[in-house]
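Please look over the fold shown below before reading on. The report moves from the whole chain to its domains and then to a pair of helices.

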Amino acid sequence: MSTRLTGVAILAGFACFCGMACGQCVEPDNGFGTATMPPAACSYSSPMGDMHIIDGLPAGDTIDIDVRLENFFPVNEAPGGLFGGTTTQYGAQLVLPMQGTGSLSGFSRFIVMQLPNDGTNFFDCFPRVNGDPIQQFEMQLRAMSGDYFGDPDFCILRIRAGVDLGLPTTGYTTLQSAPANSWHCDSFFDLNYSIEFQGCPGSPLDGFSGTTFGLVRITTDLCPTDLNNDGVTDTSDLGILLSNFGGPGPLGDLNNDGVVDTADLGLLLNQFGTQCFPV
Ligand SMILES: [Ca+2]
Ligand SMILES: [Ca+2]
């Protein structure tokens with residue numbers, strides 16, 4: 001058996017019993033042969049990168065943010081939108097664990113920013129065929145807008161993303177039929193964001209302000225580099241990636257640019273040895 005086939009066989013074996021145990025997102029059927037988007041039971045996290053505050057800080061310093069988008073409430077997905085699929089108005093929480101680097105290495109914060117369900121936060125999905133056992137469709141984040149007030153360190157903390165705000169953010173979702181009338185949901189957004197801040201008097205950020213533009217992938221897959229879903233990124237996953245090297249993916253194409261190459265290898269090696277525990 002070739003290495004490639006071995007990798008596929010490993011995947012097929014694990015796909016049978018993985019489910020939540022592998023940190024995947026499972027969402028109940030909404031009564032219409034699909035799952036409501038976004039999956040309210042799940043969290044979008046950034047396991048392969050951080051959001052950063054850089055602009056306006058001393059040279060070499062950053063504030064790294066292991067961002068999560070979660071606790072969607074209420075989710076109002078309805079037919080329509082730009083692409084003839086659905087459009088969703090949502091509220092949610094943007095969870096922002098922050099860690100400074102360089103001269104700010106002592107700076108550590110945990111901020112939860114509310115994204116209001118007031119019509120300002122929404123995204124559109126391309127059409128999908130309800131009832132199909134596998135439903136794959138593109139999404140586009142139209143707007144994500146949050147402000148945090150009353151903080152001792154940040155007199156301004158303002159995060160924006162979405163094409164309507166000049167920050168194109170595409171996404172992709174695969175829904176796969178699962179036991180108990182539910183759906184495995186593998187979903188991500190490549191978030192082009194801006195983060196504006198102004199430090200408060202008396203804070204380590206006093207006198208600093210700026211707006212950083214960046215790109216971070218947020219995904220419902222907690223361990224995208226764990227290609228065989230056994231809970232750890234190790235030589236088995238490396239073997240699967242290498243057996244797909246030079247091909248179009250999707251298996252092994254971790255940055256979703258249509259080719260499995262050294263960029264994907266770097267992402268995997270960066271997570272090498274990482275354990276992924278059940279959610
Ligand atoms: Ca693995
Ligand atoms: Ca790639």
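What radius of gyration would a compact globule with 279 residues have, and what does the protein chain have? For such a globule the value would be near 19 Å, and the protein chain has 20 Å, which agrees; the radius is taken over C-alpha atoms, and the globule rule is 2.2 Å times the number of residues to the power 0.38. This is a predicted model, in which local features need pLDDT of at least 70 and side-chain atom pairs count only at pLDDT 80 or more, while totals for chains, interfaces and linings use all residues. Residues are numbered from 1 along each chain as its sequence is written, and chains are lettered from A and ligands numbered from 1 in the order in which they are written.

An automatic or database domain assignment divides the protein chain as tabulated here.

| Domain | Residues |
|---|---|
| domain 1 | 1–22 + 224–279 |
| domain 2 | 25–221 |

The domain centres, taken over C-alpha atoms, are separated by 24 Å, and four residues of domain 1 are in contact with six residues of domain 2 (C-beta atoms, placed from the backbone, within 7 Å).

Helix 2 (residues 235–243) and helix 3 (residues 262–270), which are DSSP runs of H or I with at least four residues, numbered from the N terminus, have axes that come within 11 Å and cross at roughly 175°, the axes being lines fitted to C-alpha atoms over the stretch in contact and the angles running from 0 to 180 degrees between N-to-C directions. Helix 2 is therefore roughly antiparallel to helix 3 (angles over 145 degrees). Asp237, Leu238 and Leu241 of helix 2 meet Asp264, Leu265 and Leu268 of helix 3 in this contact.

Methods
Helices (H or I, at least four residues) and strands (E, at least two) are DSSP runs, numbered from the N terminus. Angles under 35 degrees count as roughly parallel, over 145 as roughly antiparallel, 65 to 115 as roughly perpendicular and the rest as oblique. Two residues are in contact if their C-beta atoms, placed from the backbone, lie within 7 Å.
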